[in-house]
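Good morning, and thank you for the time. I would like to take the group through one protein model, beginning with its sheet and ending with a few individual residues.

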Amino acid sequence: MVSVLPSRLPRFGSFAVLGCRAAGFGLLLLSLLLGGTARAQGPPLPLKRLAVVRDSLGRLLAHDTRPDTQRVSRLNTLAFALRVNAADTSLLLTRQALRLARQLRFERGLLEALFNLSYYQRAHSQYDSAIYYARLALPLAARTGNRYTQTRVYYNLARIYQEQGNYAAALGPSLDGLALARTMGNPRVLLFQLVLAARIELALGEYATARAYVDEARPLAPAAHDLVSTGYLHQVAGDLSRQQQQWRAARDHYGQALAGYAVVFNKPGLLDMQLSMAEMTEFLGEYLAVRQAGQALLRQAHAAGRPEQEARAALLLARAWLPARADSACAYAARALAVARPSHLRPQARDAAQVLAQAHDRLGQGHAAYQYQALAGAYADSIGGEDNRRRLAAVQARAARSRTQMELNVVRQRERLLRQQQELERLQTQRQLAGIGALVLAVLLGAGGLFWRYRRRTARRHAAHDAALRTQLAADLHDDVGALLTQISLQSDLLREAPAPPEATLARLNRLSDTSRRAARQMADVVWGLHQSSAELPEVLAHMRDHAHEVLAAAHLAVDFAVSPAAAALHPGVAVCQSLYLIYKEALHNVVKHAEGATRVTVRLSEQAGQLCLSVRDDAPGPAATARPGGHGLANMRQRAEAVGGALHFVAEASGFGVVACLPG
């Protein structure tokens, strides 16, 4: 089936001549600018050049709709080109490429689609999904020999862990990517890996090591021929100067980074650099300039819906007004605190509380000043303790990595000596092994016969089990769907034969519609069970992730999906896997239908006492009832759990509703 392009991309319809010209121009543009899939996934294009690539590739994709590997490459190329300034369109194109690559078993296209998905999820702070897709891409990159994309996956993984503050986990992929980049001879790839390593060391307080990485990266910038990579280098150099309180040098570096980014990024993409420059201006005491720039930045951050940038801009204005007008400083600091708290931006919340304490002190409000000072101290203690734990974990990880490398070198040396010794022993015992080999061959033949008989018996047992399972699924189809169809028939007869007022007629129609939807959903669930009766847990988990993103994204609900290592290691039976998926699907349907006001759905799979436990919770506001009204979904879920020897219960919290199912592992 041919994928549908986003409506915002241009189409040509029946204009065949013009479409052919666009196709030819698109092919020429790809060959000249991109030179293949690997190089197409390169630096972000300048905005004007991006418009040409977007329009040309859009026309080419609309004209040539053949579902082949070339279409996968074009979808991936356009998705990656739009990743910065049109993220939603990029995600839609990437999902199309992923589906088509899987259908065609096109590994290179699948690799690029997985990387694009990981990049999108990281950019939108959906770290669990980002790590999941990156981990899928890594072995695929190694298997296909695509070292360029392999370095990008390492880079993306390290960035994910760095943004989470998990520096110990970030060190591994960062150093692996850096080691691989040094062997490639690509200055841009090496520059990005060096800058990322410098940022991690900077976060750990290792300023000398960070400076060494920056100094190594600086000569690579001219050969990279990329304003973004040059800007990235200036950004980390500015961060380094900032940590050492060299405000003017930091502002100069941020200004050069901003000049490079402005060619590629749109206005929301430049907010971070503009805020960093304004903060350096504040540290230099130029408060009037800060007030003028801060107002525009605050409006822009609020309009873009970016809490971190909005909190930074409000803090910037609060500190700039503090020497002159304590009441204005108090208002802006209160706004920063109100934005930072629900978004869990603890550094910004700490700084806002500190400014509020100073502002209230200047206004003569000592009690309020004391309360905000205590709040700032609590935030500072929390952040300081967490930073210390992270840095200690990173030091331990670095030491463990060095120790592992030394042990690996020793093992390699021992292996060489062992191979030499084995070669000598082989020459000495070659004649003796001939007789032993014949005996072993006879034993192996006998064991092979026994194993073959064992496999035949196992295959017969599996066939009988599958037949029984399919018979049970067919019975479910007959009983459940047949009962629902009978209800539809009775309700239709009642509607036709018993006239009623409009309100009663509308209620009957609603019940008829709801029963029809339940029958269709039950039919789909049973058919899925028939086709997936041999699925194992990893396949079911992947299907669950895809289903969550497809269903919840359409309802504007974010998803937080995580599987514990202990749960992933379980090997439940086919019936349990099927029941797990159907319970999960029913739970998501209930959230979409009944969780009014919810913004996020949290999905967790864990292992408890040898059982596989699924938890699906929403954050709908207001106290939740013990069971939401509307249909038989909750009863169906409990019946499915009990049918395989499990149990299911519901959790009604102060805010939100949850379903917890524990099935045999």
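What is the order of the five strands in the open sheet? In this predicted model, the order is β1-β2-β3-β5-β4, and the pairing is mixed. The edges are formed by β1, residues 558–563, and β4, residues 647–652, each of which pairs on one side only. From one strand to the next, the twist averages 15°.

Let me take the strand pairs in turn. β1 pairs with β2, residues 600–608, in the parallel sense, and six bridges connect the two. Two of the partners in β2 can be named: Val-603 is the bridge partner of Phe-561, and Leu-605 is that of Val-563. As a general point, side chains in a regular strand alternate between the two faces of the sheet.

The pairing of β2 with β3 is antiparallel and runs over eight bridges. Here Gln-608 stands opposite Gln-611 in β3. The hairpin of these strands has two residues between them, and within the hairpin Ala-609 takes a positive phi near 55°. For context, most residues other than glycine have a negative phi.

Next, the helices that accompany the sheet. Helix α23, residues 537–554, lies across β1, β2 and β3, the last of these spanning 611–618, and α23 runs at about 170° to β1. Helix α25, residues 574–594, also packs on the sheet, touching β1, β2, β3, β4 and β5, where β5 covers 657–664. The direction of α25 makes about 10° with that of β3.

The end of the chain belongs to this part of the picture. Gly-665 is in the segment after β5. Is Gly-665 buried or exposed? Neither label applies, because its relative accessibility is 37%, and Gly-665 therefore counts as partly exposed. Leaving aside residues up to four places away in sequence, Gly-665 touches Leu-570, His-571, Pro-572, Gly-610, Gln-611 and Leu-612. Gln-611, as noted, is the residue in β3 opposite Gln-608. The C-alpha atoms of Gly-665 and Val-576 are separated by 8.0 Å, although the two residues are 89 apart along the chain.

A second C-alpha pair involves the edge strand β4. Ala-635 lies in helix α26, residues 633–643, and is partly exposed, with a relative accessible area of 35%. Ala-635 and Leu-648 are 13 residues apart along the chain, and their C-alpha atoms are separated by 9.7 Å.

I now turn to the chain as a whole. Its secondary structure comes to 26 helices and five strands. Of its 665 residues, 44% count as buried. Among contacts between residues at least 6 apart in sequence, 67% join residues at least 24 apart. The exposed area of the chain is about 33800 Å², and carbon and sulfur atoms supply 57% of it.

One annotation deserves mention. An unreviewed UniProt entry places the feature "transmembrane region" at residues 433–452. In the model, that stretch is 100% helix and 0% strand, with its end C-alpha atoms 27 Å apart.

Finally, three residues outside the sheet. Asn-76 has its place in helix α4, residues 69–81. Why does Asn-76 count as buried? The reason is that its relative accessibility is 0%, and buried means under 20%. The side chain of Asn-76 reaches the backbone oxygen of Gly-109 at 3.0 Å.

The other two residues are in loops, and each has a positive phi. For Arg-105, phi is near 55°, in a residue other than glycine. Arg-105 sits in the loop between α5, residues 87–104, and α6, residues 107–123. With a relative accessible area of 76%, Arg-105 is exposed.

His-344 is not a glycine either, and its phi is positive at about 60°. Its loop is the one between α18, residues 326–340, and α19, residues 346–362. His-344 is exposed, with a relative accessible area of 68%.

To close, I return to the sheet: five strands, open, with mixed pairing, and with helix α25 touching β1, β2, β3, β4 and β5. Thank you for your attention.

How values were computed
Residues are numbered from 1 along each chain as its sequence is written. This is a predicted model: local features need pLDDT of at least 70, side-chain atom pairs count only at pLDDT 80 or more; totals for chains, interfaces and linings use all residues. Side-chain values use heavy atoms; hydrogens and water are left out. Two strands pair if DSSP finds at least two bridges between them. Helices (H or I, at least four residues) and strands (E, at least two) are DSSP runs, numbered from the N terminus. Axes are lines fitted to C-alpha atoms, for helices over the stretch in contact, and angles run from 0 to 180 degrees between N-to-C directions. Contact means heavy atoms within 4.5 Å. Buried means under 20% relative accessible area, exposed over 50%, partly exposed in between (1.4 Å probe, protein chains only). Accessible areas come from the Shrake-Rupley method with a 1.4 Å probe; for residues, only the protein chains shown count as cover. A polar contact is a pair of N or O atoms within 3.5 Å; within protein, one must be able to donate a hydrogen and the other to accept it, and residues adjacent in sequence count only if both atoms are side-chain atoms. UniProt positions are given in the numbering used here, feature names are shortened, and annotations may be inferred rather than shown by experiment.
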